[in-house]
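Biologist: I have the two chains open on my screen and would like to talk through how they are arranged. Could you load the coordinates so that we are looking at the same thing?

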Amino acid sequence: MRISSIYKIKNGLGKFVAYTILIFVALACIFPLFWMFGSALKTQSTVFSDFSLFPKHMHWENFTIAWTKAHFGMYFFNSVLYTVITVGGLVFFSTMAAFAFSRLDFPFKNALFLMFVCMMMIPLPGQFVALYVLLTKLHLVNTRIGYILPQIDAGQALAIFILKTFFDNIPRDLEDSARIDGCNKWGIYWHLAFPLAKPAIAVVIIFNCLAVWNEYLLAMLVFSDKSLMPLPRGLMVFQGTHMTEYALLMAGVSITVIPIILVYLVMQKYIISGITAGALKG
Amino acid sequence: MKPKSENKINISKVMDLTTSYLFILPALVIFLLFGLYPFTQVFWLSVHNWDGIALSKVFVGLRNFIEIFSDGPWWNSMCHAAYIALLALIFQNALALILALLVDKDIRGGNIFRVIFYLPPVLSGIVVGLIWGWIYDGNYGLLNHWLGFLGLEHLARAWLSDPKTSLTCIAVIHMWKGFGWGFVILLAGLQGIPRALYEAAEVDGAGMWQKFVNVTIPMMIPVFVLVMIMTILGTMQIFDIIAATTNGGPGYATEVPVTRILASMQGASRFGYACTQAVVFGVILLIVSLTQLRISKKMKQV
């Protein structure tokens, strides 16, 4: 009797300590984001003196100013465009290639697949130097296509790898019955393999959307023209020229962050299971 | 009659192969052009001197590689990245492990904590750097404001422009952004340990601590190795946070390999030498990941 009650208190105390630590860290995680959002609603003068998280007078007009005058609307449009085209292209090209590597037979198949996998494994972060040289040669510097194609390449090796493993598990019978129904290779790919691969495609889409939306280094190298820049690059340009306009800068940061947070909250289940499956299997 | 039908077969075979190749063609072309070609080009350029404009490149053999050995700022930048990696290995991973152990104990709301902890890793380094840059600001920063509130004004400083604190402050930002990732992986690892093992240990009379040492730790070693290596590889390539806060300064205090490569390329217009740095950096990272494979293989044998 006594022992069990002691155990209970200890357990309760342990739980209390555990929750305290967890809640403290959770607050530390989200606090900077509230701080960002609160600051975006202050004026140029109160932003330096008012340290409250939620200012008394909310200046929502900061967002309209940031969106129009500070060009964040334009950067936002560019970011959406790059994300949609890059990820769309990536999904089609990598499902097609993965389908071929998994289901079709042709000379050098394994060698080509191995090449993709090897390049994925070898780290060479400084590759952007030669990539920049190539883009200059092809006259793709300061063009949208010069920003999109390298990013399709950056994502496709892993995507092909994930999708091939997925296609490998589709039963042969399904493919055979589709063939009997008169499907050719394209038909099997489009009507059978692509719809079946939806879960794997979802993972590919989510992670590449995050990667493209957040990309900075390549955007810095490729773009000198403001009208082509995506959000992170636009933020840095704004910070460089309007150092002290913190309220507007934070409004721009909020515009960059809010879509990602919304997508994350909706898709968090897939994102977290994707990251764990990817890391623990690989 | 016969050769004609053979011809037909051949044509249909060729057609068949062509469609097969068409499936991989877009991915392959993009890969060859924007992946493999720059990859090989890095090595080619690393043995040349080239300003990025001139039509001809000057072959210099291994001279760039000899030069890099006495390139102080380069190895300093490597040390800076290693310092951040070391702090991340110790503090970020310790925090991630503690939190994972807490949530693994069937705590209510575990998923909410998981969602919150994984929020910083999905944000861009630029955004994180800009927000934190302001928190650290010397004149109007939140950190100094709070220190004043606590009566610790004497500690207040321009955190990111003081060479004594700038690198550690960047490491703090990096760890804030990164611990949630380690947490998610470690938690998945912990939940993958069969509960029967714990029950068996309990039957043998093992307490909490003994269960942790004799069941949890041995089962988690492959996951530990994975998280450690990924932490090192990720941290050594740090760039976005630095671009958004200090951009390598004050002086050279927060230079990292990527900013040095950029400086050689854009600042000094030495494309060849920038590629030499890229090769050396890549080899170092490769050694790190090969060591991981070695260690995890040995662990599996044990």
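Biologist: How many Å separate the centres of domain 1 and domain 2 of chain B?

Modeller: Bearing in mind that this is a predicted model, the centres of domain 1 and domain 2 of chain B, taken over C-alpha atoms, are separated by 42 Å. The domain assignment places domain 1 of chain B at residues 2–46 and domain 2 at residues 71–301.

Biologist: And how many residues does each of the two domains of chain B put into their contact?

Modeller: Domain 1 of chain B gives 4 residues to that contact, and domain 2 of chain B gives 6 residues. On the side of domain 1 of chain B that touches domain 2, the classes are 3 nonpolar, 1 polar and no charged residues.

Biologist: What does the domain assignment give for chain A?

Modeller: For chain A the assignment gives domain 1 at 2–48 and domain 2 at 71–241, and the centres of these two domains, again over C-alpha atoms, are 39 Å apart.

Biologist: OK, on to overall shape. What radius of gyration does chain B have, against a compact globule of 302 residues?

Modeller: Chain B has a radius of gyration of 26 Å, whereas a compact globule of 302 residues would have one near 19 Å. Along the principal axes, the C-alpha atoms of chain B fill a box of roughly 95 × 60 × 35 Å. For chain A the radius of gyration is 25 Å, where a compact globule of 282 residues would be near 19 Å, and the box filled by the C-alpha atoms of chain A is roughly 75 × 70 × 35 Å.

Biologist: How many helices and strands are there in chain A, and how many in chain B?

Modeller: Chain A has 12 helices and 0 strands, while chain B has 13 helices and 2 strands.

Biologist: Let's zoom in on one helix pair. At what angle do H8 and H10 of chain B pack?

Modeller: Helix H8 of chain B, residues 166–191, and helix H10 of chain B, residues 208–236, pack at about 160° with their axes 10 Å apart, and they are therefore roughly antiparallel to each other. The crossing of H8(B) and H10(B) is right-handed.

Biologist: Which residues make that contact?

Modeller: From H8(B) the contact is made by His174(B), Gly182(B), Ile185(B), Leu186(B), Gly189(B) and Leu190(B), and from H10(B) by Met220(B), Val223(B), Val227(B), Thr231(B) and Thr235(B). Sorted by class, the contact of H8(B) with H10(B) has 6 nonpolar, 5 polar and no charged residues.

Biologist: Last thing, the interface: how many residues of chain B are in contact with chain A?

Modeller: There are 70 residues of chain B in contact with 62 residues of chain A. Helix H1 of chain B, residues 2–46, supplies the largest share of the chain B side, at 20 residues. That side of chain B is made up of 55 nonpolar, 12 polar and 3 charged residues.

Terms used: Residues are numbered from 1 along each chain as its sequence is written. Chains are lettered from A and ligands numbered from 1 in the order in which they are written. This is a predicted model: local features need pLDDT of at least 70, side-chain atom pairs count only at pLDDT 80 or more; totals for chains, interfaces and linings use all residues. Two residues are in contact if their C-beta atoms, placed from the backbone, lie within 7 Å. Helices (H or I, at least four residues) and strands (E, at least two) are DSSP runs, numbered from the N terminus. Ala, Val, Leu, Ile, Met, Phe, Trp, Tyr, Cys and Pro count as nonpolar, Asp, Glu, Lys and Arg as charged, and the others, Gly among them, as polar. Axes are lines fitted to C-alpha atoms, for helices over the stretch in contact, and angles run from 0 to 180 degrees between N-to-C directions. Angles under 35 degrees count as roughly parallel, over 145 as roughly antiparallel, 65 to 115 as roughly perpendicular and the rest as oblique. A crossing is left-handed if the near helix is turned anticlockwise from the far one by less than a right angle, and right-handed if clockwise. Domain bounds come from an automatic or database domain assignment. The radius of gyration is taken over C-alpha atoms; the globule rule is 2.2 Å times the number of residues to the power 0.38.
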